Amino acid sequence: MAVFRAYSDEQKIEYLKQAAPNADVYTDNATLAKHLNAPQGMQVATGKLFAYVAVSNVADIQGVLQAARKFHIAVIPQTTATSTVSGSDGIDGAIILSTAKMAKILEVNREDQVAVVQPGVINKDLDTAARKIGMFYAPDPGSKPISAVGGNVATNAGGMSTVKYGATKDSVLGMKVVLADGREISLGHRTLKQAFGYNLTQLFVGSEGTLGIITEITVKLFPIPLGTSVTGVAFFKDMTELSKAVTEIRASGVYPAMLEALDAHTVEAIDKYEGTHYSDNSGAMLILRLDTGGDAALKATEKILDQFNAQNLQVTSDPKKAAAIEKLRQDMLPAVFANGNHVMEDMAVPMSKLAPMMDYISEVGKKLDVDIYTAGHAGDGNVHPSLIWPKEEKEVPEKVIQALQLMFHETLRLGGTISGEHAVGMLKNQWVNEELGDDVDMLQHQIKDLFDPMNLLNPKRKID
(Lines give C-alpha, C1' and ligand atoms only; values in the text may rest on other atoms or scores of the structure.)
Protein backbone atom coordinates (compact mmCIF):
# COMPACT_ATOMS: atom_id res chain seq x y z
CA MET A 1 0.00 0.00 0.00
CA ALA A 2 1.37 3.40 -0.97
CA VAL A 3 1.77 5.91 1.89
CA PHE A 4 2.03 9.58 0.97
CA ARG A 5 4.01 10.99 3.89
CA ALA A 6 4.07 14.69 4.73
CA TYR A 7 7.48 14.41 6.43
CA SER A 8 10.40 12.04 6.25
CA ASP A 9 11.89 10.56 9.43
CA GLU A 10 14.93 12.75 8.89
CA GLN A 11 12.77 15.88 8.84
CA LYS A 12 10.97 14.80 12.01
CA ILE A 13 14.27 14.18 13.82
CA GLU A 14 15.60 17.56 12.73
CA TYR A 15 12.44 19.27 14.00
CA LEU A 16 12.71 17.37 17.30
CA LYS A 17 16.32 18.47 17.79
CA GLN A 18 15.45 22.09 17.07
CA ALA A 19 12.44 22.00 19.43
CA ALA A 20 14.56 20.50 22.25
CA PRO A 21 17.99 22.02 21.56
CA ASN A 22 19.62 21.05 24.86
CA ALA A 23 18.36 17.46 24.93
CA ASP A 24 20.35 14.41 23.95
CA VAL A 25 18.47 12.87 21.01
CA TYR A 26 19.46 9.33 20.08
CA THR A 27 18.27 7.54 16.96
CA ASP A 28 20.98 4.91 16.44
CA ASN A 29 19.85 1.29 16.50
CA ALA A 30 22.04 0.24 19.43
CA THR A 31 20.71 2.92 21.79
CA LEU A 32 17.10 2.38 20.73
CA ALA A 33 17.39 -1.38 21.26
CA LYS A 34 19.04 -0.88 24.67
CA HIS A 35 16.16 1.23 25.97
CA LEU A 36 13.25 -0.65 24.40
CA ASN A 37 12.66 -2.85 27.47
CA ALA A 38 13.26 -2.18 31.17
CA PRO A 39 15.81 -4.63 32.67
CA GLN A 40 13.45 -5.70 35.50
CA GLY A 41 10.43 -6.12 33.24
CA MET A 42 8.95 -8.96 31.21
CA GLN A 43 10.73 -7.92 27.98
CA VAL A 44 7.45 -7.74 26.06
CA ALA A 45 8.11 -4.59 24.01
CA THR A 46 8.76 -5.17 20.32
CA GLY A 47 9.45 -3.03 17.28
CA LYS A 48 11.73 -0.04 17.15
CA LEU A 49 11.65 3.28 18.97
CA PHE A 50 11.58 6.46 16.91
CA ALA A 51 13.97 8.18 19.32
CA TYR A 52 15.34 8.09 22.85
CA VAL A 53 15.52 11.63 24.26
CA ALA A 54 17.26 12.53 27.54
CA VAL A 55 16.22 15.97 28.80
CA SER A 56 17.61 18.16 31.56
CA ASN A 57 15.11 21.02 31.65
CA VAL A 58 11.43 21.86 31.31
CA ALA A 59 11.83 23.75 28.04
CA ASP A 60 13.15 20.65 26.29
CA ILE A 61 10.26 18.56 27.66
CA GLN A 62 7.90 21.10 26.15
CA GLY A 63 9.84 20.93 22.88
CA VAL A 64 9.60 17.14 22.72
CA LEU A 65 5.85 17.33 23.30
CA GLN A 66 5.58 20.01 20.62
CA ALA A 67 7.20 17.65 18.11
CA ALA A 68 5.05 14.76 19.32
CA ARG A 69 1.87 16.74 18.75
CA LYS A 70 2.96 17.89 15.31
CA PHE A 71 3.85 14.41 14.07
CA HIS A 72 1.42 12.39 16.23
CA ILE A 73 4.20 10.42 17.93
CA ALA A 74 3.59 8.60 21.21
CA VAL A 75 5.76 9.70 24.16
CA ILE A 76 6.81 7.27 26.89
CA PRO A 77 7.92 9.12 30.08
CA GLN A 78 10.75 7.39 31.92
CA THR A 79 13.20 7.97 34.75
CA THR A 80 15.33 4.97 35.74
CA ALA A 81 13.26 2.28 33.96
CA THR A 82 12.62 -0.01 36.94
CA SER A 83 9.00 -0.88 36.10
CA THR A 84 8.09 -4.54 36.42
CA VAL A 85 4.78 -4.20 34.51
CA SER A 86 6.04 -2.70 31.24
CA GLY A 87 4.99 0.73 32.47
CA SER A 88 7.80 2.62 30.76
CA ASP A 89 8.94 0.17 28.09
CA GLY A 90 9.06 1.33 24.50
CA ILE A 91 6.34 1.19 21.88
CA ASP A 92 7.07 0.79 18.19
CA GLY A 93 7.57 4.23 16.63
CA ALA A 94 7.44 6.09 19.98
CA ILE A 95 9.77 8.52 21.73
CA ILE A 96 11.08 7.59 25.16
CA LEU A 97 11.39 10.83 27.10
CA SER A 98 13.88 10.31 29.92
CA THR A 99 13.98 12.76 32.83
CA ALA A 100 16.70 10.78 34.62
CA LYS A 101 19.16 13.68 34.15
CA MET A 102 16.79 16.00 36.04
CA ALA A 103 18.21 14.74 39.33
CA LYS A 104 18.69 17.76 41.58
CA ILE A 105 17.58 17.90 45.19
CA LEU A 106 16.37 21.49 45.16
CA GLU A 107 15.59 21.86 48.86
CA VAL A 108 15.58 19.89 52.11
CA ASN A 109 13.83 21.97 54.76
CA ARG A 110 13.79 20.89 58.41
CA GLU A 111 11.52 23.68 59.60
CA ASP A 112 8.76 22.99 57.05
CA GLN A 113 9.55 19.24 57.06
CA VAL A 114 9.54 19.08 53.26
CA ALA A 115 11.89 18.40 50.39
CA VAL A 116 11.64 19.61 46.80
CA VAL A 117 13.22 17.41 44.13
CA GLN A 118 13.39 16.90 40.40
CA PRO A 119 11.92 13.61 39.10
CA GLY A 120 15.25 11.87 38.47
CA VAL A 121 16.43 12.02 42.11
CA ILE A 122 17.07 8.51 43.43
CA ASN A 123 14.84 7.60 46.38
CA LYS A 124 17.76 6.56 48.60
CA ASP A 125 19.68 9.77 47.82
CA LEU A 126 16.72 11.85 48.99
CA ASP A 127 16.45 9.82 52.19
CA THR A 128 20.20 10.20 52.81
CA ALA A 129 19.98 13.97 52.36
CA ALA A 130 17.02 14.17 54.74
CA ARG A 131 18.80 12.16 57.43
CA LYS A 132 21.64 14.68 57.47
CA ILE A 133 19.22 17.15 59.06
CA GLY A 134 17.50 14.66 61.39
CA MET A 135 14.62 13.79 59.04
CA PHE A 136 13.83 10.88 56.74
CA TYR A 137 11.87 10.19 53.56
CA ALA A 138 9.43 7.40 54.35
CA PRO A 139 8.53 5.64 51.04
CA ASP A 140 10.94 2.72 50.64
CA PRO A 141 10.17 0.45 47.68
CA GLY A 142 12.39 -2.55 47.14
CA SER A 143 13.99 -0.58 44.32
CA LYS A 144 14.93 2.26 46.72
CA PRO A 145 18.65 2.29 45.78
CA ILE A 146 17.94 2.49 42.03
CA SER A 147 14.46 3.92 41.45
CA ALA A 148 13.72 7.63 41.07
CA VAL A 149 11.21 9.68 43.04
CA GLY A 150 9.48 10.71 39.80
CA GLY A 151 8.85 7.08 38.89
CA ASN A 152 7.78 6.29 42.46
CA VAL A 153 5.22 9.10 42.27
CA ALA A 154 4.02 8.06 38.81
CA THR A 155 3.32 4.53 40.09
CA ASN A 156 2.40 5.34 43.72
CA ALA A 157 5.14 2.96 44.86
CA GLY A 158 4.86 1.33 48.27
CA GLY A 159 7.47 -0.50 50.28
CA MET A 160 8.31 -2.02 53.63
CA SER A 161 7.41 1.03 55.74
CA THR A 162 4.00 1.52 54.13
CA VAL A 163 2.41 -0.29 57.09
CA LYS A 164 3.17 2.76 59.27
CA TYR A 165 4.02 5.69 57.03
CA GLY A 166 1.88 5.02 53.98
CA ALA A 167 2.61 4.70 50.27
CA THR A 168 4.20 7.41 48.11
CA LYS A 169 0.88 9.26 47.78
CA ASP A 170 0.89 9.88 51.53
CA SER A 171 4.16 11.80 51.28
CA VAL A 172 3.41 13.90 48.17
CA LEU A 173 2.28 17.46 48.91
CA GLY A 174 2.62 19.02 45.48
CA MET A 175 4.25 18.83 42.08
CA LYS A 176 4.83 20.57 38.77
CA VAL A 177 3.67 18.85 35.60
CA VAL A 178 3.98 19.54 31.88
CA LEU A 179 0.70 18.66 30.19
CA ALA A 180 0.37 17.13 26.74
CA ASP A 181 -0.40 20.57 25.28
CA GLY A 182 2.89 21.96 26.63
CA ARG A 183 1.64 23.94 29.63
CA GLU A 184 3.52 23.50 32.90
CA ILE A 185 1.14 23.63 35.85
CA SER A 186 1.80 23.75 39.60
CA LEU A 187 -0.32 21.53 41.84
CA GLY A 188 -0.66 21.34 45.61
CA HIS A 189 1.35 23.25 48.20
CA ARG A 190 4.12 22.73 50.73
CA THR A 191 1.58 22.93 53.56
CA LEU A 192 0.58 19.78 55.44
CA LYS A 193 -3.10 20.67 54.97
CA GLN A 194 -4.73 21.77 51.71
CA ALA A 195 -8.41 21.76 50.80
CA PHE A 196 -8.72 24.28 47.97
CA GLY A 197 -10.03 23.12 44.59
CA TYR A 198 -10.06 19.56 43.30
CA ASN A 199 -7.14 17.45 44.47
CA LEU A 200 -5.30 17.24 41.16
CA THR A 201 -2.04 16.44 42.95
CA GLN A 202 -3.32 13.02 43.95
CA LEU A 203 -4.84 12.51 40.49
CA PHE A 204 -1.33 12.62 39.04
CA VAL A 205 0.12 10.34 41.73
CA GLY A 206 -0.09 6.85 40.24
CA SER A 207 -1.14 8.12 36.79
CA GLU A 208 1.85 6.32 35.20
CA GLY A 209 2.78 9.21 32.90
CA THR A 210 -0.53 9.06 31.04
CA LEU A 211 -1.70 12.56 32.05
CA GLY A 212 1.50 14.63 32.05
CA ILE A 213 5.27 14.74 32.60
CA ILE A 214 6.28 15.35 36.23
CA THR A 215 9.04 17.96 36.48
CA GLU A 216 9.21 18.74 40.22
CA ILE A 217 7.88 17.14 43.40
CA THR A 218 7.35 18.49 46.92
CA VAL A 219 7.32 15.71 49.51
CA LYS A 220 6.74 15.41 53.21
CA LEU A 221 9.62 14.46 55.51
CA PHE A 222 9.38 12.85 58.95
CA PRO A 223 11.59 13.46 62.00
CA ILE A 224 13.74 10.47 62.90
CA PRO A 225 11.95 8.83 65.87
CA LEU A 226 13.46 9.10 69.33
CA GLY A 227 14.47 5.98 71.19
CA THR A 228 15.91 2.69 70.03
CA SER A 229 14.58 0.85 67.02
CA VAL A 230 14.14 -2.91 67.36
CA THR A 231 14.35 -5.33 64.42
CA GLY A 232 13.65 -9.02 64.60
CA VAL A 233 12.52 -12.28 63.03
CA ALA A 234 10.00 -14.86 64.13
CA PHE A 235 8.92 -18.17 62.58
CA PHE A 236 5.52 -19.81 62.07
CA LYS A 237 4.30 -23.18 60.86
CA ASP A 238 2.83 -21.56 57.74
CA MET A 239 1.84 -18.26 56.12
CA THR A 240 -1.73 -18.55 57.35
CA GLU A 241 -0.72 -18.44 61.03
CA LEU A 242 1.73 -15.66 60.27
CA SER A 243 -1.02 -13.65 58.59
CA LYS A 244 -3.31 -14.02 61.60
CA ALA A 245 -0.56 -12.78 63.91
CA VAL A 246 0.15 -9.80 61.65
CA THR A 247 -3.52 -8.83 61.62
CA GLU A 248 -3.59 -8.85 65.42
CA ILE A 249 -0.36 -6.85 65.70
CA ARG A 250 -1.82 -4.22 63.37
CA ALA A 251 -4.87 -3.86 65.62
CA SER A 252 -2.94 -3.82 68.89
CA GLY A 253 -1.78 -0.19 68.98
CA VAL A 254 1.87 -1.13 68.54
CA TYR A 255 2.22 0.74 65.20
CA PRO A 256 5.01 -1.39 63.70
CA ALA A 257 7.25 0.19 61.08
CA MET A 258 7.71 -3.10 59.21
CA LEU A 259 5.91 -6.44 59.00
CA GLU A 260 7.32 -8.53 56.15
CA ALA A 261 6.37 -12.11 55.35
CA LEU A 262 8.29 -14.83 53.52
CA ASP A 263 6.94 -18.34 52.97
CA ALA A 264 9.01 -21.48 53.47
CA HIS A 265 9.85 -21.76 49.77
CA THR A 266 11.20 -18.21 49.74
CA VAL A 267 13.20 -18.71 52.94
CA GLU A 268 14.80 -21.79 51.38
CA ALA A 269 15.78 -19.70 48.35
CA ILE A 270 17.32 -17.05 50.61
CA ASP A 271 19.26 -19.70 52.53
CA LYS A 272 20.67 -20.98 49.25
CA TYR A 273 21.48 -17.45 48.09
CA GLU A 274 22.91 -16.16 51.39
CA GLY A 275 24.34 -19.35 52.88
CA THR A 276 22.05 -19.02 55.93
CA HIS A 277 19.94 -21.68 57.68
CA TYR A 278 16.65 -19.95 58.48
CA SER A 279 14.55 -22.60 56.71
CA ASP A 280 15.48 -25.07 59.46
CA ASN A 281 13.13 -23.23 61.82
CA SER A 282 9.65 -23.48 60.33
CA GLY A 283 7.30 -22.83 57.43
CA ALA A 284 7.24 -19.02 57.29
CA MET A 285 9.34 -16.08 58.42
CA LEU A 286 8.16 -12.73 59.75
CA ILE A 287 10.57 -9.79 59.68
CA LEU A 288 9.48 -6.94 61.94
CA ARG A 289 10.71 -3.53 63.02
CA LEU A 290 9.43 -1.32 65.83
CA ASP A 291 10.77 2.24 65.68
CA THR A 292 8.67 3.68 68.54
CA GLY A 293 7.00 2.39 71.70
CA GLY A 294 10.04 1.00 73.49
CA ASP A 295 9.70 -2.00 75.81
CA ALA A 296 5.90 -1.72 75.99
CA ALA A 297 5.56 -2.15 72.21
CA LEU A 298 8.02 -5.05 72.17
CA LYS A 299 6.27 -6.86 75.02
CA ALA A 300 2.87 -6.44 73.38
CA THR A 301 4.27 -7.82 70.13
CA GLU A 302 5.89 -10.78 71.89
CA LYS A 303 2.57 -11.60 73.57
CA ILE A 304 0.76 -11.70 70.23
CA LEU A 305 3.49 -13.80 68.64
CA ASP A 306 3.18 -16.31 71.49
CA GLN A 307 -0.59 -16.38 70.99
CA PHE A 308 -0.09 -17.58 67.41
CA ASN A 309 2.68 -20.05 68.29
CA ALA A 310 5.58 -18.11 66.79
CA GLN A 311 8.92 -19.78 67.38
CA ASN A 312 12.50 -18.65 67.83
CA LEU A 313 11.89 -14.89 68.09
CA GLN A 314 15.16 -13.02 67.64
CA VAL A 315 15.34 -9.27 68.14
CA THR A 316 18.17 -6.77 68.07
CA SER A 317 18.75 -3.06 68.48
CA ASP A 318 22.24 -3.27 67.00
CA PRO A 319 22.21 -1.34 63.69
CA LYS A 320 24.52 -3.79 61.91
CA LYS A 321 22.52 -6.85 62.97
CA ALA A 322 19.27 -5.07 62.09
CA ALA A 323 20.63 -4.23 58.65
CA ALA A 324 21.57 -7.89 58.15
CA ILE A 325 17.99 -8.95 58.96
CA GLU A 326 16.48 -6.37 56.62
CA LYS A 327 18.89 -7.48 53.92
CA LEU A 328 17.15 -10.86 53.93
CA ARG A 329 14.00 -9.17 52.65
CA GLN A 330 15.92 -7.00 50.20
CA ASP A 331 17.70 -10.06 48.78
CA MET A 332 14.44 -11.95 48.35
CA LEU A 333 14.04 -11.10 44.67
CA PRO A 334 17.50 -12.10 43.42
CA ALA A 335 17.30 -15.23 45.58
CA VAL A 336 13.96 -16.27 44.08
CA PHE A 337 14.66 -15.15 40.52
CA ALA A 338 17.84 -17.23 40.44
CA ASN A 339 15.59 -20.30 40.15
CA GLY A 340 14.31 -19.58 36.64
CA ASN A 341 12.23 -17.25 34.52
CA HIS A 342 9.71 -15.40 36.60
CA VAL A 343 6.80 -13.06 37.04
CA MET A 344 6.26 -11.36 40.40
CA GLU A 345 2.73 -10.22 41.16
CA ASP A 346 1.34 -7.56 43.40
CA MET A 347 -2.11 -8.11 44.89
CA ALA A 348 -3.42 -6.39 48.02
CA VAL A 349 -6.37 -7.54 50.12
CA PRO A 350 -8.12 -6.31 53.28
CA MET A 351 -6.24 -7.43 56.38
CA SER A 352 -9.08 -9.80 57.34
CA LYS A 353 -8.60 -11.61 54.02
CA LEU A 354 -4.81 -11.94 54.14
CA ALA A 355 -4.80 -15.44 55.63
CA PRO A 356 -7.43 -16.80 53.17
CA MET A 357 -5.45 -15.28 50.29
CA MET A 358 -2.28 -17.00 51.45
CA ASP A 359 -4.14 -20.30 51.59
CA TYR A 360 -5.53 -19.77 48.11
CA ILE A 361 -2.14 -19.01 46.55
CA SER A 362 -0.77 -22.23 48.01
CA GLU A 363 -3.75 -24.20 46.67
CA VAL A 364 -3.33 -22.75 43.16
CA GLY A 365 0.35 -23.69 43.09
CA LYS A 366 -0.41 -27.28 44.05
CA LYS A 367 -3.43 -27.60 41.74
CA LEU A 368 -1.65 -26.34 38.62
CA ASP A 369 1.84 -27.59 39.52
CA VAL A 370 3.27 -24.06 39.41
CA ASP A 371 6.36 -23.16 41.42
CA ILE A 372 5.25 -20.19 43.57
CA TYR A 373 7.35 -18.27 46.08
CA THR A 374 5.17 -15.99 48.22
CA ALA A 375 6.36 -12.98 50.18
CA GLY A 376 5.08 -9.50 50.71
CA HIS A 377 4.29 -6.54 52.90
CA ALA A 378 2.04 -8.48 55.25
CA GLY A 379 1.43 -5.44 57.44
CA ASP A 380 -0.66 -3.76 54.74
CA GLY A 381 -2.08 -6.87 53.07
CA ASN A 382 0.19 -6.61 50.02
CA VAL A 383 1.10 -10.05 48.66
CA HIS A 384 3.90 -10.72 46.15
CA PRO A 385 3.72 -14.25 44.75
CA SER A 386 6.55 -14.97 42.33
CA LEU A 387 5.77 -17.63 39.73
CA ILE A 388 8.85 -19.45 38.40
CA TRP A 389 9.37 -21.68 35.36
CA PRO A 390 12.47 -23.22 33.72
CA LYS A 391 14.91 -20.81 32.07
CA GLU A 392 14.89 -22.79 28.84
CA GLU A 393 11.18 -21.97 28.38
CA LYS A 394 11.20 -18.49 26.84
CA GLU A 395 7.43 -18.06 26.63
CA VAL A 396 5.28 -17.77 29.74
CA PRO A 397 3.73 -21.24 30.26
CA GLU A 398 -0.06 -21.46 29.95
CA LYS A 399 -0.37 -22.85 33.48
CA VAL A 400 1.39 -19.76 34.86
CA ILE A 401 -1.06 -17.49 33.04
CA GLN A 402 -3.94 -19.60 34.36
CA ALA A 403 -2.57 -19.37 37.91
CA LEU A 404 -2.37 -15.58 37.65
CA GLN A 405 -5.94 -15.38 36.37
CA LEU A 406 -7.18 -17.47 39.28
CA MET A 407 -5.28 -15.38 41.84
CA PHE A 408 -6.48 -12.12 40.30
CA HIS A 409 -10.12 -13.20 40.33
CA GLU A 410 -9.84 -14.40 43.94
CA THR A 411 -8.21 -11.12 44.97
CA LEU A 412 -11.10 -9.15 43.50
CA ARG A 413 -13.63 -11.51 45.06
CA LEU A 414 -12.07 -10.84 48.46
CA GLY A 415 -12.44 -7.08 47.96
CA GLY A 416 -8.81 -6.45 47.03
CA THR A 417 -6.87 -4.98 44.13
CA ILE A 418 -4.60 -6.71 41.63
CA SER A 419 -2.10 -3.82 41.78
CA GLY A 420 -1.04 -2.79 45.26
CA GLU A 421 2.14 -0.88 44.43
CA HIS A 422 3.61 -1.94 41.07
CA ALA A 423 1.09 -0.03 38.94
CA VAL A 424 -0.75 -1.39 35.88
CA GLY A 425 1.51 -0.80 32.89
CA MET A 426 0.72 -2.91 29.85
CA LEU A 427 0.69 -6.24 31.68
CA LYS A 428 -2.57 -5.67 33.57
CA ASN A 429 -4.40 -3.00 31.54
CA GLN A 430 -6.89 -5.62 30.31
CA TRP A 431 -8.21 -5.92 33.87
CA VAL A 432 -9.36 -2.31 34.29
CA ASN A 433 -13.03 -3.07 33.65
CA GLU A 434 -12.87 -6.24 35.73
CA GLU A 435 -11.57 -4.39 38.80
CA LEU A 436 -13.29 -1.00 38.44
CA GLY A 437 -16.55 -1.80 36.64
CA ASP A 438 -18.20 -0.19 33.60
CA ASP A 439 -18.95 3.26 35.01
CA VAL A 440 -15.56 3.93 36.58
CA ASP A 441 -13.81 2.44 33.55
CA MET A 442 -15.57 5.03 31.38
CA LEU A 443 -14.65 7.86 33.78
CA GLN A 444 -11.00 6.80 33.61
CA HIS A 445 -11.06 7.19 29.82
CA GLN A 446 -12.85 10.53 30.04
CA ILE A 447 -10.16 11.86 32.39
CA LYS A 448 -7.44 10.63 30.04
CA ASP A 449 -9.20 12.29 27.10
CA LEU A 450 -9.43 15.61 28.96
CA PHE A 451 -5.70 15.79 29.72
CA ASP A 452 -4.38 14.03 26.62
CA PRO A 453 -6.95 14.22 23.78
CA MET A 454 -4.45 13.04 21.16
CA ASN A 455 -3.55 9.99 23.30
CA LEU A 456 0.17 10.68 23.02
CA LEU A 457 1.30 10.14 26.63
CA ASN A 458 2.17 6.55 27.50
CA PRO A 459 -0.66 4.97 25.48
CA LYS A 460 -1.86 1.49 26.41
CA ARG A 461 -0.67 1.99 30.02
CA LYS A 462 -2.82 2.37 33.13
CA ILE A 463 -6.00 2.03 31.04
CA ASP A 464 -6.33 0.46 27.61
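Biologist: What volume does the largest cavity have?

Modeller: This is a predicted model, in which local features need pLDDT of at least 70 and side-chain atom pairs count only at pLDDT 80 or more, while totals for chains, interfaces and linings use all residues. Residues are numbered from 1 along each chain as its sequence is written, and side-chain values use heavy atoms, with hydrogens and water left out. A cavity is, on a 1 Å grid over the protein atoms alone, a set of points where a 1.4 Å probe fits but cannot get out, and a volume is the space filled by probe spheres set on the points, which are joined across faces, edges and corners. For the largest cavity that volume is about 30 Å³.

Biologist: How many charged residues are in the lining of the largest cavity?

Modeller: Lining residues have an atom within 4 Å of a point, and for the largest cavity they are Thr228, Val230, Leu290, Asp291, Thr292, Gly293 and Gly294. Ala, Val, Leu, Ile, Met, Phe, Trp, Tyr, Cys and Pro count as nonpolar, Asp, Glu, Lys and Arg as charged, and the others, Gly among them, as polar. By these classes the lining has two nonpolar residues, four polar ones and, as charged residues, one.

Biologist: Which elements give two or more residues to the lining of the second largest pocket?

Modeller: A pocket is an open set of points with protein on both sides within 12 Å along at least five of seven lines, and the second largest has a volume of about 610 Å³. Its lining holds 29 residues, with Gly206, Val424, Leu436, Gln444 and Lys462 nearest the centre, and divides into eleven nonpolar, eleven polar and seven charged residues. Helices (H or I, at least four residues) and strands (E, at least two) are DSSP runs numbered from the N terminus. The elements asked for are α7 (200-204), α15 and α16 (438-451).

Biologist: Which element supplies the largest share of the largest nonpolar core?

Modeller: A nonpolar core is a set of buried Ala, Val, Leu, Ile, Met, Phe, Trp, Tyr and Cys residues joined through side-chain atoms within 4.5 Å, where buried means under 20% relative accessible area, exposed over 50% and partly exposed in between, with a 1.4 Å probe and protein chains only. The largest core has 47 residues, and among those with the most contacts inside it are Phe236, Leu286 and Met407. Elements that each supply at least two residues include β12 (230-236), α8 (239-250), α10 (294-307) and β19 (382-389). The largest share, seven residues, comes from α13.

Biologist: How many residues apart in sequence are the parts that lysine 428 and glutamate 345 tie together?

Modeller: A salt bridge is a side-chain nitrogen of Lys or Arg within 4 Å of a carboxyl oxygen of Asp or Glu, and lysine 428 and glutamate 345 form one with their closest N and O atoms 2.9 Å apart. Lysine 428 sits in the loop between α14 (398-413) and α15 (432-436), and glutamate 345 in the loop between β16 (341-344) and β17 (347-348), so the pair ties together parts whose separation in sequence is 83 residues.

Biologist: Are lysine 428 and glutamate 345 buried or exposed?

Modeller: Among the 20 salt bridges found in the whole structure, the one between lysine 169 and aspartate 170, at 3.2 Å, has partly exposed partners, with lysine 169 at 37% relative accessibility and aspartate 170 at 31%. For lysine 428, as for glutamate 345, the class is buried.

Biologist: Which residue in β4 does proline 77 stand opposite?

Modeller: Strand β3 (residues 75-78) is covered on both faces, with Val75 and Pro77 buried on one side and Ile76 and Gln78 buried on the other. In a regular strand the side chains alternate between the two faces of the sheet. Two strands pair if DSSP finds at least two bridges between them, and β3 and β4 (residues 95-98) pair in the parallel sense over four bridges. Opposite proline 77 in β4 stands leucine 97.

Biologist: What is the phi of glutamine 113?

Modeller: Most residues other than glycine have a negative phi. Glutamine 113 lies in the loop between β5 (105-109) and β6 (114-117) and is partly exposed, at 29% relative accessible area. Although it is not a glycine, glutamine 113 has a positive phi of about 60°.

Biologist: How far apart in space are valine 370 and alanine 403?

Modeller: Valine 370 is in the loop between α13 and β18 (371-377), and is buried, with a relative accessible area of 8%. Valine 370 and alanine 403 are 33 residues apart in sequence, while their distance in space, C-alpha to C-alpha, is 7.6 Å.
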